[in-house]
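Work through these exercises with the model open. Each task is followed by a stepwise solution.

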Amino acid sequence: MCGIVGFVGKKQAAPILLECLEKLEYRGYDSAGISLLSDSKITTHKTTGRIHKLNELTDCGKSLVGNIGIGHTRWATHGAPSDRNAHPHMSNDNKFSVVHNGIIENYIELTNKLKSQGIKFNSETDTEVVAHLLSMYYTGDFLEAVHKTVSVLEGSFALGILCQDYPGKLICVRNSSPLIIGVGENENFIASDVTALISHTRDVIYLQDGEIAELSENEVVVFDSKLQKVNKEKSKINWNIDAAEKGGYNHFMEKEIYEQPKAVKDTIEPRIKNGKIVFDDLSLSAKDLSKFNRIVITACGSASYAGQVGRYVLEELLRIPVEVDLASEFRYRNPVVDQNTLMLVISQSGETADTIAAMKEAKARGAHILAIVNVVGSTIAKLADDVLYTWAGPEIAVATTKGYTTQLALLYLIAIFMAEKTKRISDVQTSALLADVEKLPELMQKTLDMNQNIDQLSKKYNTNRSIFFIGRNIDYAVSLEGSLKLKEISYIHSEAYAAGELKHGTLSLIDEGRLVVALCSYEKLFDKLMSNIKEVKARGAKVLSVAQEGNTDIYTESSDVLLVPRINPLFAASLVVLPLQLFAYYIAKENNCDIDKPRNLAKSVTVE
Ligand code: F6R
């Protein structure tokens, strides 16, 4: 999604803006631009394509003067990717320059009104109207013009704005789109997320929806929607810079795959004290937990697939119904939830627009919202009744890996915690389950070590144009994630099926040489899965199986076998997914795909 940066200070702004924009590249974009304010004049440079084009045009920003500026990476929603539609957008009198993330929902109505007053538009974007409104409302007071403009906008918007008459001032606004302020020594920043800022400052201010901030070199003043000053606390970012760099790996995705044992350890370890799970700050007592007669999990994409795994574990331990609902469907479904419903909201970024809308919908109907989020201070973290963080560190690759496995780890802990508190499992069972969960980081490392030659398999299978994933029980839930990982980064068509469903239609797609990835870790149903494997083999398929160590039977029916260490089947997803991530990664690498930034995709989906 679009990325915003802004700088005001003593240094030359353009090189800083370009460097910060590069840090936001992972969010996905198709054009980029910057505006600088110097000598009471705003100059703007923008282009389609990557930031290196802007770097070439401006000698990495060195040729552009000015100590204040704003920058943007655009992920096209309204209007094709083009130089014209790239941000920043200027008012016709060149007084204002604006960068925007989000969608101005009433832009057509506002645009028509302005056009009828003779105002000329230069792009097809929803953003340009903001620049013209600023100019229309401006009577010499920058803040007042911003306030008036914002009061007529509907939708989601994070804005960064320069005004020609205010050489040392940058104004930003946040409304349902992410935006944070970085506070430095004699310099201040705005950015869509902290990765853009950590090489400059670790002190940040999180804005709430509706807030407007005025930044100058030495001061940040925040106002609420009625222009009353608000006292804001600074928060410290504790991610280190290495976490946002590739550190010797070829791609962020590769690095993040190998970071998973540590990320899961960081997520689990601080929460297990003296053989018990301790969730600091969780407001729910044992009595509160007992009143929930239903759990609804809502999320998008991989986060929803983590939820699918969570459903099996939660139902097994809690014996109450658990549903997993795609947030984009839930929000428009007139859902049945009430005060006895616990909603688990899962999101790596904490900014996914559909997930936010779904949680608001459930909250309005009385559900208690417990969010599982990676980004501290994100919108979902702020709106939830309770939040538990996955301590995965920054995830840069568009395709999630450590986000997903840390979500799984927290779901296991939540299931065990709730089962223990509501006396559905004994102390002995709790200890045994926790011992299994605590083994995960080591077993994940072992799984990665055991599967180092997957790159060889990718050479064998990378020309398949359609690959199927099958499994039963938790293996089925993991197959959804394995298939998504493969298709999103390698552009190879892939589908995941509950193995028992094959006969109900899918089997007709199986033909000579078709690759079927069979997940066989759930040994209770191993014989059933073997029958499914035989069915696809009889139709000419090649079978790549993933099975637990020591399962010798699987070799008879498979072309290739990937092994994972033995573990309690409830937690096997955390291991089985690893070879699937590696398989997707190497197939994409073999096919020269843009692994960290797959085409058409964005990291954090802040619009519907
Ligand atoms: C796929 C992927 C996406 C996200 C989804 C939700 O690899 O990363 O499917 O899982 O867009 O994003 P978050 O977790 O940020 O809400």
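Angles under 35 degrees count as roughly parallel, over 145 as roughly antiparallel, 65 to 115 as roughly perpendicular and the rest as oblique. The model is a predicted one.

**Exercise 1. A helix pair**

Task: Classify the packing of helix 3 and helix 4, and list the residues that make the contact.

Solution:
- Step 1. Locate the helices. Helix 3 covers residues 107-116 and helix 4 covers residues 128-137.
- Step 2. Take the geometry. The two axes come within 10 Å and cross at roughly 50 degrees.
- Step 3. Apply the classes. Helix 3 and helix 4 are therefore oblique to each other.
- Step 4. Add the hand. The crossing of helix 3 past helix 4 is left-handed.
- Step 5. List the contact. Helix 3 supplies Tyr107, Leu110, Thr111 and Leu114. Helix 4 supplies Val129, His132, Leu133 and Met136.
- Step 6. Sort these residues. Six are nonpolar, two are polar and none is charged.

**Exercise 2. An open sheet**

Task: Give the strand order of the five-stranded open sheet, then place helix 19 on the sheet.

Solution:
- Step 1. Write the order. The strands run 24-23-25-26-27, with parallel pairing.
- Step 2. Find the edges. Strand 24 (493-498) and strand 27 (560-564) each pair on one side only.
- Step 3. Take the twist. On average, neighbouring strands are turned by 20 degrees against each other, direction ignored.
- Step 4. Look at one pair. Strand 25 (residues 515-519) joins strand 26 (residues 542-548) in the parallel sense over five bridges. Within this pair, Val517 stands opposite Leu544 of strand 26.
- Step 5. Add the helix. Helix 19 (residues 573-590) packs on the sheet and touches strand 23 (466-471), strand 25, strand 26 and strand 27. The direction of helix 19 makes about 160 degrees with that of strand 25.
- Step 6. Check the cover of strand 26. Six of its seven residues are buried, so read with the cut-off of under 20% relative accessible area, strand 26 is mostly covered.

**Exercise 3. One glutamine**

Task: Is Gln407 buried or exposed, and which residues does Gln407 touch?

Solution:
- Step 1. Place the residue. Gln407 lies in helix 13 (residues 402-421).
- Step 2. Compare the area with the cut-off. Buried means under 20% relative accessible area. Gln407 has 2%, so Gln407 is buried.
- Step 3. List the neighbours, leaving out residues up to four places away in sequence. Gln407 touches Ser302, Ala303, Ala306, Ile346, Ser347, Gln348, Ile372 and Thr390.

Key
Residues numbered from 1 in each chain as written. Predicted model: local features only at pLDDT ≥ 70, side-chain atom pairs only at ≥ 80, totals over all residues. Heavy atoms only, no water. Pairing = 2+ DSSP bridges. Helix = DSSP H or I, 4+ residues; strand = E, 2+ residues; numbered from the N terminus. Axes fitted to C-alpha atoms, helices over the stretch in contact; angles between N-to-C directions. Contact = heavy atoms within 4.5 Å. Left-handed = near helix turned anticlockwise from the far one by under 90°. Nonpolar A, V, L, I, M, F, W, Y, C, P; charged D, E, K, R; others polar. Buried < 20%, exposed > 50% of the residue type's maximum accessible area, 1.4 Å probe, protein only.
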